[in-house]
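Colleague: I would like a close look at one single part of this model, taken slowly and with the terms spelled out along the way.

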Amino acid sequence: MKQDQNRPLRAFALVGTIGVEMATSVIFGFWAGSAIDKWLKTEPWFMLIGLLFGLALGVYGLYLLVRQFFGE
């Protein structure tokens with residue numbers, strides 16, 4: 001019975017973690033790519049690469065998180 005009471009909180013924590021993880025990885029990729037672009041004067045190529053890399057990293061992190069959440 002007690003475990004059923006915690007499910008909404010666990011689901012809320014999972015959704016919050018997914019949002020923070022995706023936002024953090026995309027923002028970091030964007031920031032790192034923009035910094036490299038400024039340094040090498042190659043705008044916007046590294047920003048786009050960093051953005052895609054951050055997105056891929058966020059999706060991979062999301063996959064690991066969901067897999068851990070469902071206990072596989």
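Where is phenylalanine 12 found?

Modeller: Phenylalanine 12 is found in helix 1, where a helix is a DSSP run of H or I of at least four residues, a strand is a run of E of at least two, and both are numbered from the N terminus. Before going further, please keep in mind that this is a predicted model, in which local features need pLDDT of at least 70 and side-chain atom pairs count only at pLDDT 80 or more, while totals for chains, interfaces and linings use all residues. Residues are numbered from 1 along each chain as its sequence is written, and side-chain values use heavy atoms, with hydrogens and water left out.

With a relative accessibility of 68%, phenylalanine 12 counts as exposed; the term means over 50% relative accessible area, whereas buried means under 20% and partly exposed lies in between (1.4 Å probe, protein chains only). Its C-alpha lies 35 Å from that of phenylalanine 46, the two residues being 34 apart in sequence. Next along the helix, alanine 13 also lies in helix 1 and is partly exposed, at a relative accessible area of 40%; from C-alpha to C-alpha, alanine 13 and leucine 57 are 20 Å apart in space, with their positions 44 residues apart in sequence. Glycine 16, likewise in helix 1, counts as partly exposed at 36% relative accessibility, and a distance of 22 Å separates its C-alpha atom from that of leucine 52, 36 residues away along the chain.

Further along the helix come aromatic rings, for which the pairing rule takes Phe, Tyr and Trp (its six-membered ring) with centres within 6.5 Å, calling planes under 30 degrees apart stacked, those over 60 edge-to-face and the rest tilted. By this rule the chain has 2 aromatic pairs. One of them joins phenylalanine 28 and tryptophan 31 in a tilted arrangement, with 5.9 Å from centre to centre and 40 degrees between the planes. Both residues lie in helix 1 (residues 2-40), 3 residues apart, which is about one turn of the helix, and phenylalanine 28 and tryptophan 31 are both exposed. Phenylalanine 69 and phenylalanine 70 also form an aromatic pair, here edge-to-face, at 5.1 Å centre to centre and 85 degrees between the planes. Of these two, phenylalanine 69 counts as partly exposed at 26% relative accessibility, whereas phenylalanine 70 is exposed, with a relative accessible area of 62%.

After helix 1 comes the loop between helix 1 and helix 2, in which lysine 41 lies. Most residues other than glycine have a negative phi, and most peptide bonds are trans. Lysine 41, although not a glycine, has a positive phi of about 55 degrees, and at 73% relative accessibility lysine 41 counts as exposed. Proline 44 belongs to the loop between helix 1 and helix 2 (45-69), and the peptide bond joining glutamate 43 to proline 44 is cis, with omega about 0 degrees.

To set helix 1 in its context, the chain has 2 helices and 0 strands. The radius of gyration of the chain, taken over C-alpha atoms, is 17 Å, well over the 11 Å that the globule rule gives for 72 residues, so the chain is more spread out than a compact globule; that rule is 2.2 Å times the number of residues to the power 0.38. Along its principal axes the C-alpha trace spans about 60 × 20 × 10 Å, and buried residues make up 15% of the 72 residues in the chain. Among contacts with a separation of 6 or more, 59% come from residues 24 or more positions apart, contact meaning heavy atoms within 4.5 Å.
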